[in-house]
Amino acid sequence: MLAADGYPDEAHGVALHKSDTAGSGYKGVQEVLLPAPGFRVRAGPRVLGTFGNRVDAALAFARALLEQREERHHMRKEERRKGKKRKKGGVEQDKPEQVSANT
């Protein structure tokens, strides 16, 4: 379904990240002319590729974000399983050991 700006809000059941400031209309998507016309996708420092249309490019960006979130979720889950706290100030901290009342 098209939004008022003429660009879809979702594709293949995935919500696309709209942008009022990006010329493509989507976050992480930049229109390029060379070496061939298309839409380049960046997610942070990574270039995910160049696509033939803005919606396919926006879909690649949205899927990359979903993947990153899923990876972070699994990392946090694993840290909790191992008894680690999240990093504070870039330093991993162990959970304090519980002291028995019988000592």
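Here is a walk through this structure, from the overall layout down to a few individual residues.

Keep in mind that the model is predicted. Start with the layout: the protein has one helix and five strands. Reading from the N terminus, the order is β-β-β-β-β-α, so to speak a run of strands with the helix at the end of the list. The protein has 103 residues, and 24% of them count as buried. Its accessible surface comes to about 7900 Å², with 51% of that belonging to carbon and sulfur atoms. As for contacts, take those in the protein with a separation of 6 or more: residues 24 or more positions apart account for 25% of them.

Now go to the N-terminal part of the chain. Strand β1 covers 10–11 and β2 covers 14–15, and H12 sits in the loop between them. Have a look at the backbone there, as H12 has a positive phi of about 55° although it isn't a glycine. Is H12 buried or exposed? It's exposed, because its relative accessible area is 67%, and the cut-off for that class is over 50%.

Close by in the numbering is D9, which forms a salt bridge with K18. The closest N and O atoms of the pair are 2.9 Å apart, inside the 4 Å limit used for calling a salt bridge. The count for the protein comes to one salt bridge. Both partners count as partly exposed: D9 has 40% relative accessibility, and K18 has 29%.

Moving along the chain, you reach the loop between β3 (29–32) and β4 (38–43), where P35 lies. Which kind of peptide bond joins L34 and P35? It's a cis bond, with omega at about 5°.

Finally, turn to the helix and to the charges on the surface. Helix α1 takes in residues 54–81, and R72 is found in it. R72 belongs to a patch of positive charge on the surface, where it gathers with K27, R69, R76, K77 and R80. How exposed is R72, and what class does that give? At 39% relative accessibility, R72 counts as partly exposed, because that class lies between the 20% and 50% cut-offs. The value also clears the bar for joining a patch, since patch residues need over 30% relative accessible area.

How values were computed
Residues numbered from 1 in each chain as written. Predicted model: local features only at pLDDT ≥ 70, side-chain atom pairs only at ≥ 80, totals over all residues. Heavy atoms only, no water. Patch = residues over 30% accessible without salt bridge, like charges linked within 9 Å, V, L, I, M, F, W, Y side chains within 5 Å. Areas by Shrake-Rupley, 256 points an atom, 1.4 Å probe, with all protein chains shown as cover. Salt bridge = Lys/Arg side-chain N within 4 Å of Asp/Glu carboxyl O. Lys, Arg positive; Asp, Glu negative; His and termini not counted. Charge placed at Lys NZ, Arg CZ, Asp CG, Glu CD. Helix = DSSP H or I, 4+ residues; strand = E, 2+ residues; numbered from the N terminus. Buried < 20%, exposed > 50% of the residue type's maximum accessible area, 1.4 Å probe, protein only. Contact = heavy atoms within 4.5 Å.
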